[in-house]
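Q: I am new to reading protein models and would love a close look at a single part. Could you walk me through it in a friendly way?

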Amino acid sequence: MSEKKYVLAIDQGTTSSRAILFDQGGQIVSTGQLEHEQIFPRAGWVEHDPEEIWRNVRETVAQALARAEANNDDIAAVGVTNQRETAVVWNRRTGRPIHHAIVWQDTRTQRLCETFAGREGADKYKAVCGLPLATYFSGPKIRWILDNVEGAWEQAERGDLLFGNTDSWVIWQLTGGVHGGVHVTDVTNASRTMLMDLRSLSWDEGICADMDIPLRMLPEIRSSSEVYGVGRAQGLLAGVPIAGDLGDQQAATFGQACFAKGQAKNTYGTGNFMLLNTGQEPVVSKNGLLTTVCYQIGEQPPVYALEGAIAVTGSLVQWLRDNLGLIGSAAEVETLAATVSDNGGAYVVPAFSGLFAPYWRSDARGAIVGLTRYVNKGHLARAALESTAYQSAEVMAAMIADAADQGVELSELKVDGGMTVNDTLMQFQADVLGVPVVRPKVAETTALGAAYAAGIAVGFWAGEQDVIDNWAQDRRWEPQMEGAERDRLMRNWRKAVTKTFDWVDDDVE
């Protein structure tokens, strides 16, 4: 038993930053949370202010410590998890970002991606990095910033610029910033840049050269569970080891104890992200999925995963609230959906930033189809919830097809994230998958996974078995829908998806 009481997780997400203290049993002791501004300079562009994010991280840490009446002496380690693919470029001497962070949802790099692809197409680098050329990933965002910020190339050539996803930005600040901050990332975040070789776990010089990205800008790649540095001397976490780093979806997979090949989880957040553990060999997808690093503990071999990334799920509910005024709060969507027994024939395909897995259509845009005079706002609310389940079902079908030669069969799906409190959605998800859906008692699995990685690195937890032992089921939804009805709904959904294709062209951007 450690003399320290807690491990602190910093969860730097797409819409907010959180700090959560966990005890030895993996239970939440206290939290702090602050939202940050979503900046939309143009259609398809999404940005965050990295300095606002860092201010919020510090304040949420203070909130969590104060609410637990704890200080740095009580904390064994800090783990960081983050929105992946959101690119920050900053000056190492001033500590100031040279541009807003370009968020993973942003589509401004489409032309760049097409240029990089050339005649070889979007899968040009897939055999090396496991990813298609798409606006989703960090690499093209770095190049866009270098090309479009005045003086950026000159600063880069002097060696003054650093790049990182938001994990690197937060860890650099935590460990001292301009006064000796550590510039690192972990294998999971590096695997989301398009710049890392999946097998060597190092930056690929050929891809970096093709994209004209200076290697000296890139952080050192480390495992997901090791001590990177300690909290800055004058900070609230002075001397505390910063010892865990996982991209948010990999962190949730870790927190869900999906350590065995064939285990899968689905996180319901701003978007949805399903990961299937494929063991110590990367599996190259033939069905529109991503090959990614799942986690690496210290010097142990890396574990890989197939991932299906869905851009818009929870943010569709926000859109119903903020853009249409259909509901007053996100929680009201279930109440409104419950006023009808089905979708009334309506389908909502939320391709606001194109379609991610398994289609990868950046030319797609959102559509509501199947409208008749019968359809009311209850049907639209239900159709919005159902779209999350349909998209997840398509991703799972692709995963099973890709992993077929490994004998992987889905027996249940572990779920987490904010939308899992919605019973209507979870029941419908079980129905369209045809397998049980299981929610854990500690729903904050993303932060919990980062905490576990950090705690394992310093001996607060012994290893994966402690994570497995701490995991406990909260709720289980069994499928109730007949197979014929499931097939009908999925067939209509796929038809609806085709109506979103080929929207963006030279006249519509």
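How many disulfides does a search of the whole structure find? Please take me through the cysteines, and then through the place where helix α10 meets helix α12.

A: Happy to! Keep in mind that this is a predicted model. A disulfide is a covalent bond between the sulfur atoms of two cysteines. Searching the whole structure for such bonds turns up zero disulfides. Take C129 as an example: its closest cysteine sulfur belongs to C208 and lies 11 Å away, which is too far for a bond, because a disulfide needs the two sulfurs within 2.5 Å. C294 is also in no disulfide, as the nearest cysteine sulfur, in C258, is 7.7 Å off. Where do these two side chains sit? C129 is buried, with a relative accessible area of 0%, and C294 counts as buried too, at 0% relative accessibility.

Now to the helices. Two packed helices are described by the angle between their axes and the distance between the axes. Helix α10 covers residues 314-322 and helix α12 covers residues 377-402; their axes come within 9 Å and cross at roughly 160°. An angle over 145 degrees counts as roughly antiparallel, so α10 is roughly antiparallel to α12. The crossing between them is right-handed. On the α10 side, the contact is made by L316, V317 and L320, while α12 brings A381, A384, L385 and S387. Sorted by class, this contact has six nonpolar residues, one polar residue and no charged ones.

Key. Residues are numbered from 1 along each chain as its sequence is written. This is a predicted model: local features need pLDDT of at least 70, side-chain atom pairs count only at pLDDT 80 or more; totals for chains, interfaces and linings use all residues. Side-chain values use heavy atoms; hydrogens and water are left out. Buried means under 20% relative accessible area, exposed over 50%, partly exposed in between (1.4 Å probe, protein chains only). Axes are lines fitted to C-alpha atoms, for helices over the stretch in contact, and angles run from 0 to 180 degrees between N-to-C directions. Helices (H or I, at least four residues) and strands (E, at least two) are DSSP runs, numbered from the N terminus. Angles under 35 degrees count as roughly parallel, over 145 as roughly antiparallel, 65 to 115 as roughly perpendicular and the rest as oblique. A crossing is left-handed if the near helix is turned anticlockwise from the far one by less than a right angle, and right-handed if clockwise. Contact means heavy atoms within 4.5 Å. Ala, Val, Leu, Ile, Met, Phe, Trp, Tyr, Cys and Pro count as nonpolar, Asp, Glu, Lys and Arg as charged, and the others, Gly among them, as polar.
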